[in-house]
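Thank you all for coming; I would like to walk through the charged pairs first and then turn to the nonpolar packing. Please have the structure open while I talk.

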Amino acid sequence: MSQPLIEAKETVEKIAKHIEQDALMAQLKNINRLVEQNQNKIWLRTKSGKPIAEKLQTTAAETLEKLGSGSEEIASLITELEDIAREIDEESARRSMIVT
Amino acid sequence: MKVLITGGAGRLGCEVAKICAHEGFSVRAFDLPQVNWAPLEAIDGVELFKGDITDEKNVQKACMGVDTVIHLAALLPPKTETNPDLTNRINVEGTRSLIQSMKHNTRIVFTSSIATYGVTAAETPPIKETHKQTAYSNYADSKIKSEKIVKASGLPYTVLRIAPISVADLLELPETVAYRSDQRIECIYVEDAAYALYACMRERENQVYNIGGGETWQMTGGEYIKRFYDALGVEVEPNYPKEYTAVDWYDTSRSRRLGYQRTNFNLFERKLIAIGEEMGLR
C-alpha cells in the first residue's frame, strides 16, 4: 500500500466535513474513489511513483490548512487534487497487464 | 516502399515502426489523435497520421500511396467484453473499411490472436494453426470475423495469431489474473512480435502463423507471474480465476523461419531485473 495515498485519503475525508458546495463534494468523492482504486499499485512505491503520491498528500494537507481562506482558493486546490488523482489513475491504467 | 501501421502509436505499433524505419521503409503510423504520440515522434522517418479507423474517409486517406499495411488497430480486452458494438465497429468494420481502401496487390499483415482457438486446456499441446477457431469472447469473435474478411479480400495477406505480449516494464496485476495458476501459458516479448510483423512483409504467399515466444516461454500461469514479479523484486498476491481461459502453448515451428524468436525468457528476466533496480524495487 502507498502510505502517502492512505494519508491523502484521510485528509480528503477531513476536508469533506467542511465543504458544503455540491460540486466540490462531488470532486472530493471522485478523488477518494480514485485513491481507493490506486492505493495498492506497485508503481506508486517506485522512485518515479513516490513523488506523485507525496504531491497528492501535500496538496491535500495544504487544502486542509487553508479551509478558512477564500472559497476560490479552496476550489482551485481541490481541482489540483483531482488532477493529481486522475494522473495517478491514468498511469495505473497504462501499466495494467493486458492479455489478448 | 511505404508501410502503413494502423494502431501505430501503441506499444507494439511503436516497436514495428522503429524496426521498419530502421530498415529504410517509409512509415506512416495511423492512430487516434488523443493517444500518446511522443514515442513515435522520437523516431526519424515516421509520418504521423491522426485519425479514426471507424471513419472511412480517414482510412481512405491513410491508405493512399501505401504498398503494405500492418493492421494492429483494435479494441482490446477488457474493453471488448463490455462493448460488443464498439468492438465490432473498430475491429471488424475497421478491418473491412481498411481492405476496401487498399489498392490491388497491397499486402496486408493482419494481427489476429491465439484467443481465437478458445479454451484448449483439456487438449494436448502445442496448438497448431490448423486448430479450429472458437469465439470464446467478443475479442476472439471480432478477430475470427476479421480473419475471414482478410482471407476473402483477394489481397495478398499474412495472418499472425499472436500470443499474449510481454513488455519489460513494471505492470500492475489485475484484480484477477487472466489465466489459472496451473494453466499452460506462452507469451512473447514485444520486440520479437514486432519483428515477426516486420518479417511478414517479405512473405510471398498467403500464410497464417502462430507467433509465440517459443519453448522457454512455455510455462504455467503461476510460474510466469512468480518469475515476472520476482525479477522485478516485488512480492505480489495474485488472484487467479477458477476457469481455464484461452491461453496455451503454441506450435510455432512454421513461423520460426521468420527469425523473430530472439529473446528467451531468461533474457527477458534479466531485463526485468534491470528495471526493478532502476525503479528502486530491488
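Let me begin with a term: by a salt bridge I mean a side-chain nitrogen of Lys or Arg within 4 Å of a carboxyl oxygen of Asp or Glu. What you see is a predicted model, and everything I say about it was computed from that model.

With that criterion, the side chains of Asp248(B) and Arg184(B) meet in a salt bridge, with 2.6 Å from N to O. Asp248(B) sits in the loop between helix 8 and helix 9 of chain B, whereas Arg184(B) belongs to strand 8, residues 184-186 of that chain, so the pair ties together parts that are 64 residues apart in sequence. Are these two partners buried or exposed? Both Asp248(B) and Arg184(B) are buried.

Salt bridges can also share partners, and in this model such sharing joins Glu91(A), Arg94(A), Arg95(A), Arg11(B) and Asp169(B) into one network. Over all chains, a search of the whole structure finds 24 salt bridges.

A further pair in chain B is formed by Lys128(B) and Asp251(B), whose closest N and O atoms are 3.0 Å apart. Here Lys128(B) lies in the loop between strand 5 (107-113) and helix 6 (138-151), and Asp251(B) in the loop between helix 8 (221-232) and helix 9 (265-278), so this salt bridge links parts that are 123 residues apart in sequence. Lys128(B) counts as partly exposed, because its relative accessibility is 46%, while Asp251(B), with a relative accessible area of 12%, is buried.

In chain A, Lys66(A) forms a salt bridge with Glu62(A), the closest N and O atoms being 3.3 Å apart. Lys66(A) is partly exposed at 30% relative accessibility, and Glu62(A) is partly exposed as well, with a relative accessible area of 31%.

Let me now move to the nonpolar packing. The largest nonpolar core has 92 residues, and those with the most contacts inside it are Ile70(B), Tyr224(B) and Tyr229(B). Which element supplies the largest share of this core? That is helix 7 of chain B, residues 190-200, which contributes nine residues.

If we look at Tyr224(B) in particular, and leave aside residues up to four places away in sequence, this residue touches Ser166(B), Tyr179(B), Ile185(B), Cys187(B), Trp217(B), Met219(B), Phe265(B) and Phe268(B). Apart from the largest core there is another core, of 24 residues, which includes Ile53(B), Val59(B), Ile149(B) and Tyr157(B).

Technical notes. Residues are numbered from 1 along each chain as its sequence is written. Chains are lettered from A and ligands numbered from 1 in the order in which they are written. This is a predicted model: local features need pLDDT of at least 70, side-chain atom pairs count only at pLDDT 80 or more; totals for chains, interfaces and linings use all residues. Side-chain values use heavy atoms; hydrogens and water are left out. Buried means under 20% relative accessible area, exposed over 50%, partly exposed in between (1.4 Å probe, protein chains only). Helices (H or I, at least four residues) and strands (E, at least two) are DSSP runs, numbered from the N terminus. A nonpolar core is a set of buried Ala, Val, Leu, Ile, Met, Phe, Trp, Tyr and Cys residues joined through side-chain atoms within 4.5 Å. Contact means heavy atoms within 4.5 Å.
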